[in-house]
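Thanks for passing this one along for a look. Please have the sequence and the model open as you read the points below.

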Amino acid sequence: MTKLRVHSYETFATQDWPGIRLVIFLQWCQFRCLYCQNPDTLPIQLWEDWKEMTAEDILALAVKEKEYFGDNGGITFSGWEPLLQAKDLKDVLKLLQKNGFHTCIDTNWGIRNDDVAECIQLANHILPDIKQINSQKHKNLTWNDNQLSLSFIKKLDDMQKNYRIRYVVVPELTDTEQDIKKLGEFLQTLPNLQRIELLPYHNLWISKREKLGIKYPLEWTHASTSTELDQVKSRLTEYTDKVFIRG
Ligand code: SF4
């Protein structure tokens, strides 16, 4: 039986594109981002904190929320990294699609296999992240390479899929002039990109980390200010007019 390992879910979400969404947060992630707001799901010894949901459980939840979805809302699978469960996720997507629901996947795009490819075909919308455009800096930030993520985004664009990129602006970690220039040049190779959303970095999760005894690795930077976000937007706008700041 198809079962997803779900950490939690949120109803009436408005930031997970498009329209009003039911967001299902799937457990586990292969990245180890220094700024992760959910470090409680990263150490393997804490991975027990999840529940199983069948495809039918998720469909029942979606049916309950349906009246709020309107014309373009639906269900977004987010995480952590939903495509780590692509083998089961594809069956859930098929069932939702069969029942007339629109779906979206929010992903860091660090995995490649046939199930992932099928999930991408099935979902109506995709929200890929770029964590860092510079490959060495990406490794330092996430403990993973960015080549898979970037090549997947190119593929999305070739497929003319509906997609928006998300980019977290962390002062001095992801907003240097060279990083933004390289990012802008990459965006110029994506004619079908709908938009890039700049997300502010905030450090509200410090106390969560402290409680878990996980060291806070970014003492040397600070929450991004609106001026810093505006500066990144302005620099990126030299390359594309599809830049938006998300609140
Ligand atoms: S991709 Fe997301 S969930 Fe995974 S480590 Fe990075 S911030 Fe955390």
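1. Is Thr103 buried or exposed? Thr103 is buried, with a relative accessible area of 2%; buried means under 20% relative accessible area, exposed over 50%, and partly exposed in between, with a 1.4 Å probe and protein chains only. Thr103 sits in strand β5. Leaving aside residues up to four places away in sequence, Thr103 touches Arg21, Ile75, Phe77, Leu93, Leu96, Leu122, Ala123, Asn124 and His125, where a contact means heavy atoms within 4.5 Å.

2. A word on what you are viewing. This is a predicted model, in which local features need pLDDT of at least 70 and side-chain atom pairs count only at pLDDT 80 or more, while totals for chains, interfaces and linings use all residues. Residues are numbered from 1 along each chain as its sequence is written, and side-chain values use heavy atoms, with hydrogens and water left out.

3. Now the overall fold. The protein chain has eight helices and nine strands; these are DSSP runs numbered from the N terminus, helices being H or I with at least four residues and strands E with at least two. The radius of gyration of the chain, taken over C-alpha atoms, is 18 Å, close to the 18 Å that the globule rule gives for 247 residues, so the chain is as compact as a globular protein of that length. That rule is 2.2 Å times the number of residues to the power 0.38. Along the principal axes, the C-alpha atoms fill a box of roughly 50 × 45 × 35 Å.

4. On packing and surface, 52% of the 247 residues count as buried. Of the contacts between residues at least 6 apart in sequence, 71% join residues at least 24 apart. The chain exposes about 11,700 Å², and carbon and sulfur atoms supply 49% of that area; accessible areas come from the Shrake-Rupley method with a 1.4 Å probe, and for residues only the protein chains shown count as cover.

5. The salt bridges deserve your attention. The whole structure holds 13 of them, each being a side-chain nitrogen of Lys or Arg within 4 Å of a carboxyl oxygen of Asp or Glu. One of them joins the side chains of Arg166 and Asp106 at 3.4 Å, N to O. Arg166 lies in strand β7 (residues 162-169) and Asp106 in strand β5 (residues 103-107), so this pair ties together parts that are 60 residues apart in sequence. Both Arg166 and Asp106 are buried.

6. Arg166 has another partner. Glu197 forms a salt bridge with Arg166, with the closest N and O atoms 3.4 Å apart. Glu197 lies in strand β8 (residues 195-200) and Arg166 in strand β7, so the pair ties together parts that are 31 residues apart in sequence. Relative accessible area is 5% for Glu197 and 6% for Arg166. Do look at the wider set too: Asp16, Asp106, Arg164, Arg166, Arg195 and Glu197 are linked in a network of salt bridges.

7. For a partly exposed pair, see Lys139 and Asp145, whose side chains meet in a salt bridge at 3.4 Å, N to O. Lys139 is partly exposed at 36% relative accessible area, and Asp145 is partly exposed at 33%.

8. Finally, Glu238 is in the loop between α8 (226-236) and β9 (243-245). Glu238 counts as exposed, at 61% relative accessibility. Glu238 and Trp220 are 18 residues apart in sequence and 29 Å apart in space, C-alpha to C-alpha.
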